[in-house]
Amino acid sequence: MSNNVLILDAGCQNFGKGGELNHYLSRLAEGELTKLGWNVEITLIDSQWEIAAEAEKIKKADVIIVQTPG
C-alpha cells in the first residue's frame, strides 16, 4: 500500500514579499515524509493550477496537509 500526501502550500506574496517560510516548511515536510516512504505532492496555492488535476490529487491523497501563513 502506498501512502500519498498532498501538501497545500498557501504561502503567498503581499507587496512582493512573503511566503518563503511556508515554502520552506512545505519542502521540509516533503523531505521528511519522503524519507519515511510517503509519496508527496505539493500544490502552491498562489500559482496557476488546473481544477481537474487538483481534484485528482485530492482523491488520490491519503493525507492532506495545509501549510498556511501564520
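Helices, in what follows, are DSSP runs of H or I of at least four residues, numbered from the N terminus. With that term fixed, I turn to a pair of residues that shows its use. Glu32 and Lys35 both lie in helix 1, where they are 3 residues apart, or about one turn of the helix. Their side chains meet in a salt bridge, with an N to O distance of 3.2 Å. Please bear in mind throughout that this is a predicted model.

How exposed are the two partners? Glu32 is partly exposed, its relative accessible area being 41%. Lys35, at 66%, is exposed.

Let me now describe helix 1 as a whole. The helix spans residues 20–35, which is 16 residues. From its first C-alpha to its last it reaches 23 Å, close to the 22 Å expected at 1.5 Å a residue. Which residues of helix 1 are buried? They are Asn22, His23, Ser26 and Leu33. These residues cover an arc of only 100° around the axis, and therefore lie on the same side of helix 1. On the other side of the helix, Glu20, Leu21 and Lys35 are exposed. Lys35 thus appears twice in this account, as a member of the exposed side and as the partner of Glu32 in the salt bridge.

What covers the buried residues of helix 1? The cover includes strand 1, strand 2 and strand 3. After the helix comes Gly37, which has a positive phi, near 95°.

That brings me to the sheet. It is an open sheet of 3 strands in the order 2-1-3, and the pairing is parallel. Strand 2, residues 39–44, and strand 3, residues 63–67, stand at the edges. Each of these has a single partner strand, so one side of each is left without a neighbour in the sheet. From one strand to the next, the twist averages 20°.

As for the pairing itself, strand 1, residues 4–9, is joined to strand 2 by 6 bridges, and the two run parallel. One of the residues involved is Val5, whose bridge partner in strand 2 is Val40. Helix 2, residues 51–60, packs on this sheet and touches strand 1, strand 2 and strand 3. The direction of helix 2 makes about 145° with that of strand 2.

Helix 2 also carries salt bridges of its own, and I shall take two of them in turn. In one, the side chains of Glu54 and Lys57 meet at 3.1 Å, N to O. These residues are 3 apart in helix 2, so about one helical turn separates them. Are the partners buried or exposed? Buried means under 20% relative accessible area. Glu54 has 10% and therefore counts as buried; Lys57, with 18%, is buried as well.

In the other, Glu56 and Lys59 meet through their side chains at 3.2 Å, N to O. Both lie in helix 2, again 3 residues apart, about one turn of the helix. Glu56 counts as partly exposed at 46% relative accessibility, whereas Lys59 is exposed, with a relative accessible area of 63%.

How many salt bridges does the model contain? The count comes to 4. Among them are the pair Glu32 and Lys35 in helix 1, and the pairs Glu54 and Lys57 and Glu56 and Lys59.

Key:
Residues numbered from 1 in each chain as written. Predicted model: local features only at pLDDT ≥ 70, side-chain atom pairs only at ≥ 80, totals over all residues. Heavy atoms only, no water. Pairing = 2+ DSSP bridges. Axes fitted to C-alpha atoms, helices over the stretch in contact; angles between N-to-C directions. Contact = heavy atoms within 4.5 Å. Expected span 1.5 Å × (residues − 1). Buried < 20%, exposed > 50% of the residue type's maximum accessible area, 1.4 Å probe, protein only. Arc of directions from axis to C-beta.
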